[in-house]
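Thanks, everyone. I will take a few minutes on one model and its ligand site. Please have the sequence and the structure open.

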Amino acid sequence: MIELKRKPFIFLISGPSGTGKTTIVRKLLKKYKNEIKYSISYTTREKREGEIEGVDYYYVSEDEFKKKIENGELIEWTFAYGNYYGTPKEPVLKWLDQGYNVLFDMDSKGLFNLKRHFEDIVSIFLFPPSWEELLNRLSKRHPDNPELVEKRLMEAKEESKMWKFFDYTIVNTIVEETFEMVENIYKAEKLKAKRTYLISEEKI
Ligand code: 5GP
């Protein structure tokens, strides 16, 4: 009997705020809960409606966040859209050690930050269907704050220039189709020979 084992990898989904990364992330986690762990970031931004502490983010004050940087608790961090976001080190290292693939939802700076710590990263950049559609989505998300919407749109355009540094690029027009593509990438990456080793070799 030939038994194969796979080394875990980092699976990063990136793209501008409002592109729909979170929906894809949630679907992946639901379907692959036995093999994927999600890296929950710290953030200094306020909790949005429907978000849950310890599921979507850990919500902390700016002081608490800065202490975590000082104490070396974060693998990486960024300042995006007026708030701090950072990745806790301890759980990610533990999960990789236990053999789980670790899923990240980050801005594009996150890719470069992660590359300083990990060799094996599979990265996807999601585009919104159009800037107009992104504006619609952001306006719905922040109905009382047109300035913030404008700022996020400008940053989104800037951030999208980074697409060429990613392994895969997808335009997120229909969420089911995007999910299917993301899932196919994940399934193919899992089978890569470079991550495979044999447990019982029996005459190979
Ligand atoms: P949002 O406020 O829309 O949840 O997130 C804003 C941006 O920050 C998104 O692009 C999100 O992917 C990114 N982000 C969230 N957590 C982290 C993190 O720990 N590190 C980095 N680099 N980006 C993050």
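Start with Arg45: a polar atom of its side chain is 2.6 Å from an oxygen atom of the ligand. Bear in mind that this is a predicted model. Asp105 also makes a polar contact, with an N or O atom of its side chain 2.6 Å from a ligand oxygen. For Ser41, the distance from a polar side-chain atom to an oxygen of the ligand is 2.7 Å.

How much of the ligand's accessible area does the protein cover? On its own the ligand has 510 Å² of accessible area, and the protein covers 96% of that. As for location, the ligand sits in the largest pocket.

Now the shell. The ligand is surrounded by 19 residues. The closest are Lys21, Tyr57, Glu76, Tyr85 and Asp105. Sorted by class, eight residues of the shell are charged, seven are polar and four are nonpolar.

Which strands each supply at least two residues of that shell? They are E6, residues 74-80, E7, residues 83-88, and E8, residues 101-106. Strand E7 gives the largest share, at three residues.

Last, the chain as a whole. The protein chain has seven helices and 11 strands. Along the principal axes, its C-alpha atoms fill a box of roughly 65 × 40 × 30 Å. The radius of gyration is 18 Å, and this agrees with a compact globule, because 204 residues packed that way would have a value near 17 Å.

To go back to the site: the polar contacts I listed involve the side chains of Ser41, Arg45 and Asp105. That is what I have.

Key. Residues numbered from 1 in each chain as written. Predicted model: local features only at pLDDT ≥ 70, side-chain atom pairs only at ≥ 80, totals over all residues. Heavy atoms only, no water. Near = heavy atom within 4 Å. Polar contact = N/O pair within 3.5 Å; in protein donor to acceptor, adjacent residues only side chain to side chain. Areas by Shrake-Rupley, 256 points an atom, 1.4 Å probe, with all protein chains shown as cover. 1 Å grid on protein atoms, 1.4 Å probe; cavity = no way out; pocket = protein on both sides within 12 Å on 5 of 7 lines; lining within 4 Å. Sits in = over half its atoms within 2 Å of the grid points. Helix = DSSP H or I, 4+ residues; strand = E, 2+ residues; numbered from the N terminus. Nonpolar A, V, L, I, M, F, W, Y, C, P; charged D, E, K, R; others polar. Rg over C-alpha atoms; globule rule 2.2 N^0.38 Å.
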